[in-house]
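I opened a new notebook page for this structure. Below is what I looked up, in order.

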Amino acid sequence: MPDVIFPLDPTRKFEDQKYVGHNRWHPDIPPVLTVKQGQSVRIECREWFDGAIVNDDSAEDILNAPLKTVHKLSGPFAVEGAKPGDLLVVDILDVGPLPESSGPLAGQGWGYTGIFAKKNGGGFLTDQFPDAYKAIWDFTGQVATSRHIPHVSFPGLIHPGLMGTAPSAELLARWNAREQALIDTDPLRVPPLALPPEPEGAVLGSLTGADFDRVAATGARTAPPRENGGNQDIKNLSKGTRVFYPVFVDGANLSVGDLHFSQGDGEITFCGAIEMGGFIDLRFEIIPDGMAKYGVGENAIFLPGTVDPRFSEWIAFSGTSVTLDGEQRYLDSDLAYQRACLHAIDYLTKFGYSPEQAYLLLGSAPIEGRLSGVVDIPNSCATVYLPTAIFGFDVRPSVGGPVKIDPGAGAPKADAS
Ligand code: ZN
């Protein structure tokens with residue numbers, strides 16, 4: 001087993017550990033330690049809320065999820081010799097849930113998917129789903145099942161939702177300026193257009209006093225993906241993946257967290273993957289001056305892993321860029337993907353699922369989303385593919401009509417009104 005360079009004691013909060021991670025991006029958050037090129041290391045990770053979401057049959061914790069405290073990230077880790085302009089090569093040697101025990105933490109045999117309430121986070125289909133819901137998933141080896149969404153099971157494609165290098169001061173200033181400019185176009189919007197720096201709830205590694213206050217005032221939130229990688233939520237960053245991150249500061253200062261047992265393309269409920277704590281084994285290498293050599297100026301590239309579940313049959317749903325009210329939009333692929341997902345949700349309700357069960361399933365199961373057409377004015381066409389094998393019944397259309405399943409008690413709800 002690789003050296004455990006970032007252990008997390010399951011009985012302690014994230015802030016009370018031997019090494020304290022962070023939940024904002026800033027070049028002045030000191031690395032917890034320096035690793036050598038070629039060294040294989042194990043890093044333990046908390047799920048993104050550090051235990052605020054529990055294994056029960058209520059969605060009150062999702063309704064009141066403490067969004068200012070996310071994402072709880074392990075790191076930063078400096079890599080010996082990395083310089084701005086280099087590419088940091090990160091091999092994901094292994095990634096998995098915490099060893100199962102009687103412990104209560106997400107990742108110890110279970111994980112969760114949430115639909116965030118519109119007034120606390122929202123999601124891809126927040127206008128149709130304004131209330132909070134939760135589904136708990138149980139892990140049996142590689143397979144996930146849920147008491148809240150019966151008659152489905154699928155193998156996890158385990159991956160980190162979030163991994164990235166630290167921004168330079170100049171890059172951070174650019175992020176803050178462009179995101180504030182967007183917020184200023186509609187500052188009172190619910191949910192907000194972007195998240196400005198937020199000192200409340202900030203965790204900044206070993207920083208204290210005036211340094212803490214200074215960094216907390218400008219540190220970027222971790223929700224969006226940016227040039228440094230970050231919260232890309234790419235389900236294919238699984239075991240065996242090699243990622244190439246741009247380096248913006250000496251040491252690169254890589255951080256990682258937000259592990260997912262599984263996720264559908266788009267992570268559409270926002271808390272849409274199967275969230276869990278766990279471990280990730282990494283190995284680093286540097287390509288000197290790699291950003292210029294390969295034209296990887298800004299943003300990561302990667303070679304996906306090869307452990308994806310293989311499905312031979314899919315049922316696919318398409319959508320176009322027309323709103324539910326019938327308004328024509330111009331080549332709006334986000335809207336087209338929303339319509340494709342709503343189309344799939346509608347279909348699944350004909351078998352007996354509630355719309356929320358179907359929405360939670362699309363966020364967490366290994367579904368594929370594609371931009372099928374982006375040039376045929378005025379309609380983009382997006383498609384979503386569901387593997388038929390994840391269902392314990394025949395989900396294909398047939399002359400006899402849909403076979404009704406027993407949806408059970410459903411996904412727990414917390415009313416946002
Ligand atoms: Zn996540």
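I count a residue as buried when its relative accessible area is under 20%. The model I am reading is a predicted one.

**Entry: the metal site.** I looked up what holds the zinc ion. I found D258 and E275 each listed twice through OD and OE atoms, and H260 through NE2, at 2.0 to 2.7 Å. Along the sequence, I read the spacing of these donor residues as D-x1-H-x14-E. D258 belongs to strand 14 (residues 254-260) and E275 to strand 15 (residues 270-275), so this pair ties together parts 17 residues apart in sequence.

I then checked accessibility for that pair. E275 has 1% relative accessibility and therefore counts as buried. D258 comes out at 2%, so D258 is buried too.

**Entry: strand 18.** I sorted the residues of strand 18 (residues 314-320) by face. I315, F317 and G319 are on the covered face, while W314, A316, S318 and T320 are on the uncovered one. Next I looked for a partner: strand 20 (residues 381-387) pairs with strand 18 in the antiparallel sense, over 7 bridges. Opposite A316 I found Y385 of strand 20.

**Entry: two helices.** How are helix 5 and helix 6 oriented to each other? For helix 5 (residues 333-349) and helix 6 (residues 355-364), I noted a packing angle of about 130° and axes 9 Å apart. The two helices are therefore oblique to each other. I noted the crossing of helix 5 past helix 6 as right-handed. For the contact itself, I listed C341, A344, I345, L348 and T349 from helix 5, which meet P355, A358, Y359, L361 and L362 from helix 6.

Notes
Residues numbered from 1 in each chain as written. Predicted model: local features only at pLDDT ≥ 70, side-chain atom pairs only at ≥ 80, totals over all residues. Heavy atoms only, no water. Donors = N, O, S within 2.8 Å, 3.2 Å for Na, K, Ca; no water. Helix = DSSP H or I, 4+ residues; strand = E, 2+ residues; numbered from the N terminus. Buried < 20%, exposed > 50% of the residue type's maximum accessible area, 1.4 Å probe, protein only. Pairing = 2+ DSSP bridges. Axes fitted to C-alpha atoms, helices over the stretch in contact; angles between N-to-C directions. Parallel < 35°, antiparallel > 145°, perpendicular 65-115°, else oblique. Left-handed = near helix turned anticlockwise from the far one by under 90°. Contact = heavy atoms within 4.5 Å.
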